[in-house]
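Please look through the structure shown here with attention to how its helices and strands pack together.

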Amino acid sequence: MKALVTGSSGFVGRHLCDELERRGWDVVGIDLRERERRGCSVPGSTVDDGFLHGDVRNLFKAKGPGEDTRRIFGSNDYEPTRFDLVAHCAYHVGGRAAIDGNPSLLALNLELDAQLFDWAVRTRQHAVLYFSSSAAYPIALQEPSSAFYHNTSDSSARWISLCEDMIDLGNVRQPDARYGWAKLTGEQLANAATRQGLRVHVLRPFSGYGGDQDLTYPFRAVLQRVAAGDMSVWGSRGQYRDWIHIDDVVNGALAVYNKDCRKPVNLCSGEGIEFGELAVRMATAMGRTVDRDEVTYLADQPTGVMVRVGDPTRMREIYRPAVRLDEGIRRAIGELN
């Protein structure tokens, strides 16, 4: 079985490559950065152990199987072929600050997705894993006025879980920032490709995390600060996120592919954890005794929606996450430099 992974040096891409290789797949990865695997950089030339250092958009411009790739990659060692699986992980993200502060990322991401699906249909790829995002969900469902409901039995507030059917591609509502719009458009392109006969699996990961994640993402950034004795988190009190370990993101995505589920699938835990609580759990796992009063909320920093928690019902019919948050925190602490 042969797989192509775009964005193979990114957080999701490198973990997905690792897992596919463990399962015996022949993996071709491509990324603008040199190959990075589990925190180590493997320097190489244009082609390094089946991994291409280059712009995937050049691959998408290929006319089809057999095209000479010397002018694209400077090498004849690789030719476009029909892959059993194309996992599209390449994207311009960079954390909340980049999402809010770099408008040009929208155009770059729209171009990536459009070229991917055009190429996949034109070259008759077998199947595509499209990593959409929980950012595609309407922000109106994720603010305090509508994101919570009250349990009439005990008057306690609970969040409304976001289920896949809350996105209607025929009647879209405002997603989270330009990144959300890019992912919604990607799902529209996935639908169009499906109508042309391409097998596409749409995944909506929530807050994926792991010890080797980039510091521009909240989990690793909070962990690094807590390890240094800084109990600060970005945004105001009361922000909830649904944390899912990268191992479960990858294994859940491959379970969707193996099951051949053609409906969008959330990759989530179904549990909302407030940012301050996350910091306290991290400190506790490091052996410190702290409470929520010690958390500092930096309301002047970039802030997303208040409540983003997924409904895992459809996912659990296919895959059940194996890594609980406290275990994931312990693993990440062990990976701190």
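The paragraphs below treat a helix pair, then the nonpolar cores, then one strand and its partners.

This is a predicted model, and a convenient place to enter it is the packing of helix H1 (residues 11-22) against helix H9 (residues 246-259), whose axes lie 10 Å apart at an angle of about 60 degrees. H1 passes H9 in a right-handed crossing, and the contact brings Phe11, Val12, His15, Leu16, Glu19 and Leu20 of H1 to Ile246, Asp247, Val250, Asn251 and Leu254 of H9. By character, the residues of this contact are seven nonpolar, two polar and two charged.

The largest nonpolar core has 28 residues, and those touching the most other members are Val5, Leu16, Leu20, Leu85, Leu129 and Phe131. Two or more residues each are given to this core by strand E1 (2-6), H1, strand E7 (85-88), strand E8 (127-131), H9 and strand E16 (265-267), with H9 supplying the largest share, seven residues. Beyond its neighbours within four places in sequence, Val5 is in contact with residues including Leu16, Leu20, Ile30 and Ala87. Another core, of 26 residues, lies apart from the largest one and has Ile30, Leu112, Ala120 and Ala182 among its members.

Strand E8 is largely enclosed by the rest of the structure, because five of its five residues are buried. In general, side chains in a regular strand alternate between the two faces of the sheet. In E8, Ala127, Leu129 and Phe131 point one way, whereas Val128 and Tyr130 point the other way. E8 pairs with E7 in the parallel sense over three bridges, with Tyr130 as the bridge partner of His88. Five bridges join E8 to strand E11 (residues 199-205), which also runs parallel to it, and here Val128 has Val200 as its bridge partner.

Notes: Residues numbered from 1 in each chain as written. Predicted model: local features only at pLDDT ≥ 70, side-chain atom pairs only at ≥ 80, totals over all residues. Heavy atoms only, no water. Axes fitted to C-alpha atoms, helices over the stretch in contact; angles between N-to-C directions. Helix = DSSP H or I, 4+ residues; strand = E, 2+ residues; numbered from the N terminus. Left-handed = near helix turned anticlockwise from the far one by under 90°. Contact = heavy atoms within 4.5 Å. Nonpolar A, V, L, I, M, F, W, Y, C, P; charged D, E, K, R; others polar. Core = buried A, V, L, I, M, F, W, Y, C linked by side-chain atoms within 4.5 Å. Buried < 20%, exposed > 50% of the residue type's maximum accessible area, 1.4 Å probe, protein only. Pairing = 2+ DSSP bridges.
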